[in-house]
Amino acid sequence: MIERETKIRVIYGDTDKMGYVYYGNYPKYYERGRTETLRDIGLTYKELEAQGIGMPVFSMNIKYLKPSFYDDVLTVKTKIFKLPQAKIYFEYEIYNQDNVLVNYAETTLVFIDTKKNKPTRAPEFLINKMKPYFE
């Protein structure tokens, strides 16, 4: 399993009129968690794209448990439980600075060949970077 934590401080622009983090901003936090998790294991979206691989979101399931507010420091725990094949699954838990779980989500991303704009399997170089975490 791969598990990483990313810290995010809520900026004023991420909040709504009620002072809560606007619900539509949580997917940005998941993306930051995904991006940094891949970076931590030695991969970047930039590298994947340079190799002709895209990773669009196929599905997202979100549970909003508690509100987050301006200036909160959120911890995004990003987990990958299995090696990808044609899809890669991520799980996210977002905690506030008091270690209270405020949000939970799962996303499924698919791999596409950007030259053909067709689904493809996970590239071998990505599998090789991830394999040690599952042995």
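Which residue in β6 is the bridge partner of tyrosine 92? Alanine 105 is the bridge partner of tyrosine 92. The legends below go through this predicted model view by view.

**Figure 1. The whole chain combines helices and strands in a predicted model.**
The protein chain has three helices and eight strands. Along the sequence, the pattern reads β-α-α-β-β-β-β-β-β-β-α. The C-alpha trace spans about 45 × 30 × 20 Å along its principal axes. The radius of gyration is 16 Å. For 135 residues, a compact globule would come near 14 Å, and the chain agrees with that. Of the 135 residues, 44% are buried. Among contacts with a separation of 6 or more, 66% link residues 24 or more positions apart.

**Figure 2. The surface and charges of the protein chain.**
The accessible surface comes to about 7900 Å². Carbon and sulfur atoms hold 50% of that surface. The chain carries 21 positive and 18 negative charges. The mean positions of these two sets are 5 Å apart.

**Figure 3. Strand β6 pairs with both β3 and β5.**
Strand β6 covers residues 101-110. Eight of its ten residues are buried, so the strand is mostly covered. Strand β3, residues 57-64, is joined to β6 by seven bridges. These two strands run antiparallel. In this pairing, isoleucine 62 stands opposite alanine 105 of β6. Strand β5, residues 87-95, pairs with β6 over nine bridges. That pairing is antiparallel too. Here tyrosine 92 has alanine 105 as its bridge partner. Alanine 105 therefore faces isoleucine 62 in one pairing and tyrosine 92 in the other.

**Figure 4. Strand β5 is mostly covered and pairs with β4 as well as β6.**
Seven of the nine residues of β5 are buried. Strand β4, residues 73-80, pairs with β5 over five bridges. The sense is antiparallel. The two strands form a hairpin with six residues between them. A hairpin also links β5 and β6, with five residues between the strands. In that second hairpin, asparagine 99 takes a positive phi near 65°.

**Figure 5. Isoleucine 94 sits in strand β5 and is buried.**
Its relative accessible area is 0%. Buried means under 20%, so isoleucine 94 meets the cut-off. Isoleucine 94 has a bridge partner in each neighbouring pairing: valine 76 in the pairing of β4 and β5, and asparagine 103 in β6. Which residues does isoleucine 94 contact, leaving aside its neighbours within four places in sequence? The contacts include Tyr26, Tyr29 and Tyr30. Leu74, Thr75 and Val76 are also on the list. So are Val100, Leu101, Val102 and Asn103. The C-alpha atom of isoleucine 94 is separated by 9.7 Å from that of serine 68. Those two residues are 26 residues apart along the chain.

**Figure 6. An open sheet of three strands has the order β2-β7-β8.**
The pairing in this sheet is antiparallel. Strands β2 (53-54) and β8 (118-119) stand at the edges. Each has a single partner strand, so one side of each is left without a neighbour in the sheet. Two bridges join β2 to β7, residues 112-113. Isoleucine 53 stands opposite aspartate 113 in β7.

**Figure 7. Two loop residues, aspartate 71 and asparagine 117, have positive phi values.**
Most residues other than glycine have a negative phi. Aspartate 71 has a phi near 75°. Aspartate 71 is found in the loop between β3 and β4. Is aspartate 71 buried or partly exposed? Aspartate 71 is partly exposed, with a relative accessible area of 39%. Asparagine 117 has a phi near 55°. Asparagine 117 lies in the loop between β7 and β8. Its relative accessible area is 60%, so asparagine 117 is exposed, the cut-off being over 50%.

Methods. Residues numbered from 1 in each chain as written. Predicted model: local features only at pLDDT ≥ 70, side-chain atom pairs only at ≥ 80, totals over all residues. Heavy atoms only, no water. Helix = DSSP H or I, 4+ residues; strand = E, 2+ residues; numbered from the N terminus. Rg over C-alpha atoms; globule rule 2.2 N^0.38 Å. Buried < 20%, exposed > 50% of the residue type's maximum accessible area, 1.4 Å probe, protein only. Contact = heavy atoms within 4.5 Å. Areas by Shrake-Rupley, 256 points an atom, 1.4 Å probe, with all protein chains shown as cover. Lys, Arg positive; Asp, Glu negative; His and termini not counted. Charge placed at Lys NZ, Arg CZ, Asp CG, Glu CD.
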